[in-house]
Amino acid sequence: MNDLKVSASIMCGNPMKFGWELDKLEKAGADLIHFDMMDGHYVENIAMGIYMLEQMKKRTSIPFDVHLAMFHPEKHIEKIASILDENDCIHVHPESTVHIHRVLRDIKRMGVKAGVAINPATNEDCLEYLIDDIDMVLAMTVSPGFAGQKFIKQTLGKIENIRKMADDRNPDLMIAVDGNINAETIPGCVEAGADVLVAGTSSIFKGDDADYKELIQKMKDSVK
C-alpha cells in the first residue's frame with residue numbers, strides 16, 4: 001500500500017478566501033487538493049468551473065485531484081488537462097460518458113494521471129476492463145453532489161474488492177475515499193485498502209480558526 005495521503009476538498013473551504021485557503025493548506029502539508037467540478041445534471045449541485053481551476057493551479061504547488069461529476073466530460077478534457085501537469089489526476093465516472101476508455105486515453109495523452117470515480121451504487125466490476133490503464137480510483141462513500149452526508153458503510157466491501165483487484169494487476173494504483181471521511185470512518189477505509197483520504201467539512205474545514213496542520217495529522221494518526 002502507498003503512504004497515506006490527505007486530499008483537501010477545496011469546495012468545502014471559505015469561498016470568499018480560496019487563495020488564503022490554498023496558502024493555509026500548503027503550509028499545513030496537505031498532499032493533494034481535491035477539486036470537484038459539477039454540472040448540475042450528473043449531480044444536482046453546480047460547482048467549481050474551469051477558470052477557478054486555472055487560477056487555483058497558479059496559486060499553489062500542491063498536486064490537484066480533479067473530480068468531474070458531470071455528463072460528457074470528453075467535451076472538457078482537453079481544456080482541463082491543459083491546466084494540469086503530470087502530478088495531477090482527473091477522475092471521470094463510468095456512467096457519465098459512452099466511451100470511457102477513450103476519455104481515459106485522452107487524459108493520459110495530455111500528460112495527466114487518469115482516474116475513475118465509483119458511486120456507492122456503481123458495481124466495481126466495471127473496473128475489470130479499466131484498472132490496468134488508470135492511476136487512481138475515487139471510491140465515493142456518499143452519493144456525490146453535497147457535503148455533510150452520512151457515510152455509507154456498505155462501500156467498505158467495495159473498497160476491499162478494488163484493492164484485491166489492484167494488488168493482482170496494478171499494485172501502484174491509489175484508492176481515494178470521498179464522503180464524510182473523519183477520525184471515525186478513516187480506520188475502516190484504510191483497513192479496506194484506501195490510501196488517499198478526501199477531507200472536507202467533517203475533518204479539515206472547520207472554520208477560519210481551524211489548525212489545518214493539526215487536523216491533517218489527526219487524520220493520519222487515526223490509523224496508528
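**A walk through the loops, core and pockets**

N180 counts as partly exposed, since its relative accessibility is 28%, and this residue makes a convenient starting point for a tour of the structure, which is a predicted model. N180 sits in the loop that runs between strand 8 (174-178) and helix 6 (186-192), and its backbone has a positive phi of about 55 degrees, although N180 is not a glycine. H72 can be read alongside N180: H72, which is not a glycine either, has a positive phi of about 55 degrees. The place of H72 is in the loop between strand 4 (64-69) and helix 3 (77-83), where H72 is partly exposed, with a relative accessible area of 38%.

From these loops we can turn to the interior. The largest nonpolar core is made of 69 residues, and inside it L25, I90 and I204 are the residues with the most contacts. If we set aside the neighbours within four places in sequence, L25 is in contact with A8, I10, A30, I33, I62, I204, F205 and Y212. Apart from this core lies another one, of 11 residues, and V142, A176, V196 and V198 are among them.

I204 deserves a closer look. Is I204 buried or exposed, and in what kind of element does it lie? I204 is found in the loop between strand 9 and helix 7, and it is buried, because its relative accessible area is 0%, while the cut-off for counting as buried is under 20%. Not counting residues up to four places away in sequence, I204 touches V6, A8, L25, A199, A210, Y212, L215, I216 and M219. A contrast in distance can be drawn with L104, which is 100 residues from I204 along the chain, and whose C-alpha atom is separated from that of I204 by 30 Å.

S203 lies in the loop between strand 9 and helix 7 (212-221). With a relative accessibility of 6%, S203 counts as buried, and, leaving aside its neighbours within four places in sequence, it is in contact with I181, N182, L215 and M219. M219, in turn, belongs to helix 7 and is buried, with a relative accessible area of 3%. The contacts of M219, again without the neighbours within four places in sequence, are V6, I181, I186, L197, A199, S203 and I204. In sequence M219 and N182 are 37 residues apart, yet in space their C-alpha atoms are 6.7 Å apart.

The cysteines come next. How many disulfides does the structure hold? The number is 0, and two of the cysteines help to show why: the sulfur of C12 is 16 Å from the closest cysteine sulfur, which is in C189, and the sulfur of C126 is 15 Å from the closest cysteine sulfur, which is in C89. Since a disulfide requires two cysteine sulfur atoms within 2.5 Å, the distance is too far for a bond in the case of C12, and likewise too far for a bond in the case of C126. In accessibility, C12 is buried, with a relative accessible area of 18%, whereas C126, at 24% relative accessibility, counts as partly exposed.

C12 also leads us to the pockets. Which residues lie nearest the centre of the largest pocket? They are C12, F146, A147, D178 and G179, out of a lining of 25 residues, and the space in this largest pocket is about 290 Å³. Two elements give two or more residues to its lining, namely strand 2 (32-39) and strand 9 (196-199). Of these, strand 2 provides the largest share of the lining, with 3 residues. Sorted by class, the lining of the largest pocket contains 11 nonpolar, 12 polar and 2 charged residues.

The second largest pocket has a volume of about 180 Å³. Its lining is formed by 13 residues, and those that lie nearest its centre are L32, N87, K113, M136 and M174. Here the classes divide into 6 nonpolar, 1 polar and 6 charged residues, so a reader who follows both linings in the structure can set these counts beside the 11 nonpolar, 12 polar and 2 charged residues around the largest pocket, with the class of each residue decided by its amino acid, Gly being counted as polar.

Definitions and conventions: Residues are numbered from 1 along each chain as its sequence is written. This is a predicted model: local features need pLDDT of at least 70, side-chain atom pairs count only at pLDDT 80 or more; totals for chains, interfaces and linings use all residues. Side-chain values use heavy atoms; hydrogens and water are left out. On a 1 Å grid over the protein atoms alone, a cavity is a set of points where a 1.4 Å probe fits but cannot get out, and a pocket is an open set with protein on both sides within 12 Å along at least five of seven lines; lining residues have an atom within 4 Å of a point. Grid points are joined across faces, edges and corners, and a volume is the space filled by probe spheres set on the points. Helices (H or I, at least four residues) and strands (E, at least two) are DSSP runs, numbered from the N terminus. Buried means under 20% relative accessible area, exposed over 50%, partly exposed in between (1.4 Å probe, protein chains only). A nonpolar core is a set of buried Ala, Val, Leu, Ile, Met, Phe, Trp, Tyr and Cys residues joined through side-chain atoms within 4.5 Å. Contact means heavy atoms within 4.5 Å.
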